[in-house]
Amino acid sequence: MKPQRSFAVLACVFLSSLALANPAQEPDLKTIMQGLRNDTVAMLDGLLTDDFDAVAVAANGIANHPSIPGDQVQLVAFELGPEMPAFKQFDQQVHDLSLSILAAAKEQDRARAIADYQHMLNGCLACHAAYKERVANVLSAASDTEKESSDPL
Ligand code: HEC
């Protein structure tokens, strides 16, 4: 193989490995949700044991969860159409309550942290009741198509 050609082959291999590696670095919605679950469980544990530091760490994790990748946002917006603002509103509600829990944990205000936790959980579950299945179907159909089109065989 001529040196120029082998360089071109190497460059292709390098570029395609970058293209494959990139999506894995940006967490998808499902991975973000799994992080929310871990923080929600840790938060309950903190509330049950009066560990306000643990509550604050978990609240911070929920408040600052990674944003949904742009291509997934587009798929969700296309599916939900005029309902997209309602979907975002649930996310906002959970976000605002996690900040309120963070503040309550810093003040060691157990009653407020617990009341806000219950409201936050309602927000998680209300969004799931309204949209989880629909959105999960759209996103998993899209990732199946993506896998097929990048499959070299
Ligand atoms: C704005 C709507 C919305 C809110 C708010 C929301 N979720 Fe979700 N959640 C979803 C959707 C949509 C899925 C399906 C994602 C998928 O399968 O691609 C999901 C899936 C999940 C899953 C399943 C992940 C898996 O492995 O299949 C868990 C666990 C979860 N969410 C936890 C939470 C927790 C905890 C909260 C609150 C702190 C929360 N969610 C708030 C929309 C929401």
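**Close-ups of a six-helix chain**

**View 1. Helix α3 and its buried face.** Helix α3 covers residues 52-63, twelve in total, and runs 16 Å from its first C-alpha to its last, close to the 16 Å expected at 1.5 Å a residue (that expectation is 1.5 Å times one less than the number of residues). Buried here are V55, A56, A58, A59 and I62, where buried takes 20 or more other C-beta atoms, placed from the backbone, within 10 Å of a residue's own. Looking down the axis of α3, these buried residues fall within an arc of 170 degrees, so they line one face of the helix; the arc is taken from the directions from the helix axis to the C-beta atoms.

This is a predicted model, with local features needing pLDDT of at least 70 and side-chain atom pairs pLDDT 80 or more, while totals for chains, interfaces and linings use all residues. Numbering starts from 1 along each chain as its sequence is written.

**View 2. The shell around the ligand.** The ligand has 22 residues around it, with M33, C124, C127, V135 and A136 the closest (near means a C-beta atom, placed from the backbone, within 6 Å). Two or more shell residues come from each of α2 (29-48), α5 (84-106) and α6 (110-150), and α6 gives the largest share, ten residues.

**View 3. The chain as a whole.** Along the sequence the pattern reads α-α-α-α-α-α, with six helices and zero strands (DSSP runs, H or I of at least four residues for helices and E of at least two for strands, numbered from the N terminus). Just 15% of the 153 residues count as buried.

Definitions and conventions
Buried ≥ 20, exposed ≤ 12 C-beta atoms within 10 Å, placed from the backbone.
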